[in-house]
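The exercises below are meant to be worked through with the sequence and the 3D view side by side. Try each task before reading its solution.

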Amino acid sequence: MDLVGIGVLLIGISFLVLAIYFARVLNNLASVISGVDQTVEQLPNQLDKILNESGNLLHNSNDTLADVNEKLETLTPYFRIVGDVGESTRTLSSSLVDATKSAKKKMDKVDPDIQNKRLGGVYGTAALGYYLFQRRNDLKREIPKRSTRKIYEVGERKAMEIEQMKSQSRLENTKNNV
């Protein structure tokens, strides 16, 4: 065997090794392709299941949406009422703000002595109202059929007392302002 024969033998052995290697690679490729084939065979069944579930989901979503729309239709008048109340409240509060601003402007222009006199009058009126309310309740509790003459006399006395309280508060206000 000369060198050419050995070279041919080596080439033959390398082709044999290469053929074995390709056989293994092709065998592995065949098993991968077989797995892909099984997956592809199962795919239509799985897609049918997914599409059925999607259809059910869409149907349930439509039912839920219809139910929500129906409930919203029943609540819409309430939302409108709340909106109207809110608008009315806003209008009222803006009117009160305007009235307060105009009263403040008027009060800013008035002399402080006149303000104190008016304030004393307001306090006196409030005190008179409170006293009359309390007195009326006391009279209801004491004797329901009291003569109107006695009530008139008591009212006159209390009116005098209130006038005295007013004059005392005016004196105190003038002393405080001096």
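Helices are DSSP runs of H or I with at least four residues, and they are numbered from the N terminus. The model used throughout is a predicted one.

**Exercise 1.** Work out which secondary structure elements the chain contains and in what pattern they follow one another.

*Solution.* Begin with the count, which comes to three helices and zero strands. Then read along the sequence, where the pattern is α-α-α. Two of the helices return in the later exercises: helix α1 covers residues 3–109, and helix α3 covers residues 148–177. Finally, consider burial, for which the chain of 178 residues has 4% counted as buried.

**Exercise 2.** Find the patch of positive charge on the surface and decide whether K105 is buried or exposed.

*Solution.* The patch is a gathering of K101, K105, K106 and K109. Of these residues, K105 can be placed in helix α1. Its relative accessibility is 57%, and because exposed means over 50%, K105 counts as exposed.

**Exercise 3.** Locate the one aromatic pair of the structure and classify its geometry.

*Solution.* A search of the whole structure finds one such pair. Its members are Y21 and F22, whose ring centres are 6.1 Å apart and whose planes meet at 50°. Planes under 30 degrees apart would count as stacked and those over 60 as edge-to-face, so the pair is tilted. As for accessibility, Y21 is exposed at 54%, whereas F22 is partly exposed at 45%.

Both residues also belong to a nonpolar surface patch of about 910 Å², which includes I11, F15, L18 and L26 among its other members. L26 lies in helix α1 and, with a relative accessible area of 54%, is exposed.

**Exercise 4.** Explain how D67 and K71 are placed relative to each other in helix α1, and then treat E161 and K158 in helix α3 in the same manner.

*Solution.* The structure holds four salt bridges, and one of them joins the side chains of D67 and K71 at 3.3 Å, N to O. Because these residues are four apart in helix α1, about one helical turn separates them. D67 is partly exposed at 34%, and K71 is partly exposed at 47%.

In helix α3, E161 and K158 form a salt bridge whose closest N and O atoms are 3.3 Å apart. Here the spacing is three residues, so about one helical turn again lies between E161 and K158. E161 is partly exposed at 37%, and K158 is partly exposed at 23%.

Methods:
Residues numbered from 1 in each chain as written. Predicted model: local features only at pLDDT ≥ 70, side-chain atom pairs only at ≥ 80, totals over all residues. Heavy atoms only, no water. Patch = residues over 30% accessible without salt bridge, like charges linked within 9 Å, V, L, I, M, F, W, Y side chains within 5 Å. Areas by Shrake-Rupley, 256 points an atom, 1.4 Å probe, with all protein chains shown as cover. Lys, Arg positive; Asp, Glu negative; His and termini not counted. Charge placed at Lys NZ, Arg CZ, Asp CG, Glu CD. Buried < 20%, exposed > 50% of the residue type's maximum accessible area, 1.4 Å probe, protein only. Phe/Tyr/Trp six-rings, centres within 6.5 Å; stacked < 30°, edge-to-face > 60°.
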